[in-house]
Amino acid sequence: MGWRAYGVEQGSRRSALDVVAKQLEEIEAAGTWKTERVITSTQAASINVANRSEPVLNFCANNYLGLANNPEVIAAGKAAMDTHGNGLASVRFICGTQDIHKNLEGLVAEFHEMEDTILYASCFDANAAIFETLLSPEDAVFSDELNHASIIDGIRLCKAQKARFRHRDMGHLREQLQEKKDARIKLIVTDGVFSMDGNIAPLCEICDLADEFDALVMIDECHATGFLGQRGRGTDELLGVKGRVDIINSTMGKALGGAMGGYTTGPKEVVALLRQKARPYLFSNTLPPAVVGATTKVFELLMSNSDLVEKVQANTQRFRKGMEAAGFVVGGDPEHPICPIMLGDARLASQFADEMLKENIYVIGFSFPVVPKGKARIRTQISAAHSEADIDRAIQAFRAVADRLNFDPANVKLD
Ligand SMILES: Cc1ncc(COP(=O)(O)O)c(C=O)c1O
């Protein structure tokens, strides 16, 4: 792209920008440049993309329940703007708390069967806030090595003793709990679902270890809330450990309408302390009424009607079975709508995604460093918004592209 102006004076403003430009060139050279495709429609199963005459089927959104353009959700957002305005121009504790914020916090707590909830502008903020607020040097945090970046960053901000256990390795977690058994608060934190693989944390075993070592358990449910488990309550419901998980952080930016916002739900003492001390809560603006109104409608829908949960689960089964019958290796947990289609080779993954777009299917290839070397894949995400015909069309396209590229999925190994 030609970012740099060469031969400029050291220490000048231009040379400072040169340092930045050099990084851009390195990203380009490494082949990890992220290009953003521009969508000109709502987020949905079928979307319009700039400079394409035909719509494409979207198989890479976190729109698990298809609520991103749901008419009832949109109407509720608009109604909240009419009654409560565009924004609060304040953080919560100054003059930014409205009745609708308190109502939504109560609803979220009820949904998760917790005591109280605190809202944030994002789950990234919820994860950035919690460790620094709860933990001091006499405490210890135990974190799965593949936890989301926001958990990693949140832990960096706190002064607790830190232990990182090997991915889903309960033997390793036990060793670390043993080593730090005298810590005052012990907090085990894991993604409920790991988004690159769509695999699920061993929560039963984690809760057993927590009982044994008197630890608290916190899960990040961004890829679970709203659709995993029989009523869509999440990983704790799916694995039968409801009531044994102490703290849940999750997002409103994925299954729950796809707008933005995050929360922590859990014991009332934890939520109360977060309201007093959490920096992303104290020093960042209140969620806007439109988001609060729309998300409230999402929770009301989920608590009154679980059709959407059944739909995404049925679609997931149709896609997984169809892809396996077509010869592909599908990674991840069999229950989860994240379905990584394993290809192995990085170049192939990127070429495969480009060819899929020619078939009007929008998917993304993931390769190193986002996933381990040799484990490149197309990560597909299934939604309740997909029709059976959409699912079948995607499977057909995968098969057609594999044939065109002379790719035999039988040669792919999962481990
Ligand atoms: C596991 C996990 N945690 C946290 C986040 C951050 O959520 P938000 O978009 O609400 O900041 C994400 C989003 O990508 C995520 O996947």
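So, the ligand: 13 residues surround it, counting a residue as near if one of its heavy atoms lies within 4 Å. The closest are C123, D220, H223, T251 and K254. Keep in mind that this is a predicted model, where local features need pLDDT of at least 70, side-chain atom pairs count only at pLDDT 80 or more, and totals for chains, interfaces and linings use all residues. Residues are numbered from 1 along each chain as its sequence is written, and side-chain values use heavy atoms, with hydrogens and water left out.

What is that shell made of? It splits into 3 nonpolar, 7 polar and 3 charged residues. Here Ala, Val, Leu, Ile, Met, Phe, Trp, Tyr, Cys and Pro go down as nonpolar, Asp, Glu, Lys and Arg as charged, and the others, Gly among them, as polar. Helix α5, residues 123–134, gives the most to the shell, with 3 residues. Helices here are DSSP runs of H or I, at least four residues, strands are runs of E, at least two, and both are numbered from the N terminus.

Now the polar contacts, meaning pairs of N or O atoms within 3.5 Å; within protein, one atom must be able to donate a hydrogen and the other to accept it, and residues adjacent in sequence count only if both atoms are side-chain atoms. T251 has a side-chain N or O atom 2.7 Å from an oxygen of the ligand. With F124, a backbone N or O atom sits 3.0 Å from a ligand oxygen. And H148 puts a side-chain N or O atom 3.4 Å from a ligand nitrogen. Taken alone, the ligand exposes 390 Å², and the protein buries 80% of that, by the Shrake-Rupley method with a 1.4 Å probe.

On to helix packing. Helix α4 (99–112) and helix α12 (289–304) pack at about 30°, with axes 10 Å apart; axes are lines fitted to C-alpha atoms over the stretch in contact, and angles run from 0 to 180 degrees between N-to-C directions. The two helices are therefore roughly parallel, the word for angles under 35 degrees. Helix α7 (170–179) and helix α8 (203–213) pack at about 15°, axes 11 Å apart, which makes α7 roughly parallel to α8 as well.

Last, two backbone oddities. D214, in the loop between α8 and β9, has a positive phi of about 55° although it is not a glycine. And F368 and P369 are joined by a cis peptide bond, omega about 10°, with P369 in the loop between β14 and β15.

Notes. Angles under 35 degrees count as roughly parallel, over 145 as roughly antiparallel, 65 to 115 as roughly perpendicular and the rest as oblique.
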